[in-house]
Amino acid sequence: MIESLLVANRGEIARRIIRTAKRLGVRAIAVHSEADAGLPFVTEADEAVCVGPANPAQSYRNTEAILAAARSTGAQAIHPGYGFLSENADFARTVEASGLIWVGPGADAITAMGDKINARNLMAAAGVPVAPGTTEPAADLNAAVAAAAEIGYPVMVKAAAGGGGMGMGVAVDEAALRTEFDKVRAFAERMFGDGSVLLERYFPRVRHVEVQILGLADGRVVALGERECSVQRRNQKLVEESPSPAVSPELRARFLAAAVRAGEAVGYRNAGTVECLLVPSTNEFFFLEMNTRLQVEHPVTELVYGLDLVEEQLRVAGGLAPTFDPDRLAPRGHAIELRINAEDPKRFLPGPGAITTWAEPTGEGVRVDSGYVAGNTVTPFYDSLLAKLIVSGADRAEAIERARAAVAAFEVAGPKCNLPFFAELLENDEFVSGDYDTGIVSRMR
């Protein structure tokens, strides 16, 4: 087992990784910005190093500062969490070139799946279903118009280097495409430094279903079930659950087999997620993208499979066998995760501020992965995620009941908070029935 681990992240995911590291007897090292010096992940680490000011480019994305912190603390390995440098292939290569262990997939896999067009083409070659779309970037607007005519409207216009629901637009006709193409290309150049744009068929009513995979140290790739991620605002997830209420045993077998093929196609190691769009009317699913990192929503998989995915990540990175028998994986019960954000519950606009009250719910089947406590300040420099409320039960109905009670008991005062939205969602007939899609939030608003 790895003996010392530097966590190159912040907030709830840094705290969550540190928790597992300490349970395993691994020395946990935190890096933090000046703005985060008082957060729990810093005080709970065995050692902490300030790597720069609040601006992420000068701290959490500052590769030189993070590597210097690893050298000065004698870290053996680096875990990037999610976001920031987690899917930066150059950073992964630099970490390994420095003689450190990278707790994540190889840089080649990150590169292969980081470009959406390249990823689509790789998956199609591996027999993974992909939606009709372009096989190379649209060179200009005229090329995009010609491609859309072949694909058929409506089309999704996407930044090839995008992620996290950013850099996307829908065009229902040529006039809309002319507007969306320029908008997405400009956004992609500004945000990702790459203005490449792809087009895909847009399906008006879809569900977002993903499969958790784990590439083992012996070269095998295993699938740890699926997660439903269709409750979204601005193409960004708010709720995840496992198993998906829309997936039958036969469809699940197809999903998991496709996800394993996807991982095998790029020689995948460590934790990753194969994201797909499911068309409920036909039970067709199409590859969307692959996240080459630990996902925000990994706890629902942990609760359903009885695993600690961070521990499994550390074991793979250290060349060890998993704690489970890959041939006898069996899910049990149901789990739901709610992303508690510092944002207003109506328009979902960020609302940072000082936390005056923070009381987490407890009880059977209730887990809270939080990044803050009372007295901390939520700053505007980072993602608005405060905590993840994860509930589990013997079945979906029990998980929903426990979620309702947990939301009612969760107290947050100071910054704006979206807890009232979840109270509303958990009583929504569409959600409770399980028959919902990615448009559920817009229909509620």
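User: Why does Asn-428 count as buried?

Analyst: In this predicted model, Asn-428 has a relative accessibility of 19%. The cut-off for buried is under 20%, so Asn-428 falls on the buried side.

User: Where is Asn-428 placed, and what does it touch?

Analyst: Asn-428 sits in the loop between α13 (419-425) and α14 (429-433). Leaving out residues up to four places away in sequence, Asn-428 touches Ile-440 and Met-444. Met-444 is 16 residues from Asn-428 in sequence, and the two C-alpha atoms are 8.5 Å apart in space.

User: What makes Phe-348 a buried residue?

Analyst: Phe-348 has 4% relative accessibility. Buried requires a value under 20%, so Phe-348 qualifies. Phe-348 belongs to the loop between β14 (334-341) and β15 (353-354).

User: Which residues does Phe-348 touch, not counting residues up to four places away in sequence?

Analyst: The contacts of Phe-348 are Arg-233, Arg-234, Leu-238, Glu-343, Phe-421, Val-441 and Arg-445. As for C-alpha distances, Phe-348 and Lys-416 are 68 residues apart along the chain and separated by 9.5 Å.

User: Why is Arg-234 called partly exposed?

Analyst: The relative accessible area of Arg-234 is 47%. Buried means under 20% and exposed means over 50%, so Arg-234 lands in between and is partly exposed. Arg-234 lies in the loop between β10 (221-233) and β11. Although Arg-234 is not a glycine, its phi is positive, at about 55 degrees.

User: What class of exposure does Phe-84 have, and why?

Analyst: Phe-84 is at 22% relative accessibility. Values between 20% and 50% are neither buried nor exposed, so Phe-84 counts as partly exposed. The loop that holds Phe-84 runs between β4 (77-79) and α4. Phe-84 is not a glycine, yet it has a positive phi of about 45 degrees. Phe-84 also takes part in a cluster with Tyr-60, Phe-381 and Tyr-382, linked by ring pairs.

User: How many aromatic pairs are there in the structure, and what makes the pair of Phe-91 and Trp-102 edge-to-face?

Analyst: The structure has 11 aromatic pairs. For Phe-91 and Trp-102, the ring centres are 5.6 Å apart and the planes stand at 85 degrees. A pair needs centres within 6.5 Å, and planes over 60 degrees apart count as edge-to-face, so Phe-91 and Trp-102 meet both conditions. This pair joins distant parts of the chain: Phe-91 is in helix α4 (residues 89-97) and Trp-102 is in strand β5 (residues 101-102), 11 residues apart.

User: How do you know whether Phe-91 and Trp-102 are buried or exposed?

Analyst: By their relative accessible areas, which are 2% for Phe-91 and 4% for Trp-102. The limit for buried is under 20%, so Phe-91 is buried and Trp-102 is buried.

User: Why is the pair of Phe-431 and Tyr-436 called tilted?

Analyst: The ring centres of Phe-431 and Tyr-436 are 5.2 Å apart, and the planes make an angle of 40 degrees. Stacked needs under 30 degrees and edge-to-face over 60, so the pair of Phe-431 and Tyr-436 is tilted. Phe-431 and Tyr-436 are both buried.

User: What makes Arg-207 sit over the ring of Tyr-436?

Analyst: The charged end of Arg-207 is 4.7 Å from the centre of the Tyr-436 ring. The distance limit is 6 Å, and the charge must also lie within 35 degrees of the ring normal; Arg-207 is listed as sitting over the ring. In the other ring of the tilted pair, Phe-431 has Arg-396 over its face, at 4.9 Å from the ring centre.

User: Why are α4 and α5 described as roughly antiparallel?

Analyst: The axes of α4 and helix α5 (residues 107-114) cross at roughly 175 degrees and come within 8 Å. An angle over 145 degrees counts as roughly antiparallel, therefore α4 and α5 are given that label.

User: Which residues form the contact between α4 and α5?

Analyst: Ala-89, Ala-92 and Arg-93 in α4 meet Ala-107, Asp-108, Ile-110 and Thr-111 in α5. By class, this contact of α4 with α5 comprises four nonpolar, one polar and two charged residues.

User: Which residues does a cis peptide bond join to Pro-154 and Pro-243?

Analyst: Tyr-153 is joined to Pro-154 by a cis peptide bond, with omega about 0 degrees. Pro-154 is in the loop between α7 (141-151) and β6 (155-159). Ser-242 is joined to Pro-243 by a cis peptide bond, with omega about 0 degrees. Pro-243 is in the loop between β11 (236-242) and α9 (249-265).

Key:
Residues numbered from 1 in each chain as written. Predicted model: local features only at pLDDT ≥ 70, side-chain atom pairs only at ≥ 80, totals over all residues. Heavy atoms only, no water. Phe/Tyr/Trp six-rings, centres within 6.5 Å; stacked < 30°, edge-to-face > 60°. Helix = DSSP H or I, 4+ residues; strand = E, 2+ residues; numbered from the N terminus. Buried < 20%, exposed > 50% of the residue type's maximum accessible area, 1.4 Å probe, protein only. Axes fitted to C-alpha atoms, helices over the stretch in contact; angles between N-to-C directions. Parallel < 35°, antiparallel > 145°, perpendicular 65-115°, else oblique. Contact = heavy atoms within 4.5 Å. Nonpolar A, V, L, I, M, F, W, Y, C, P; charged D, E, K, R; others polar.
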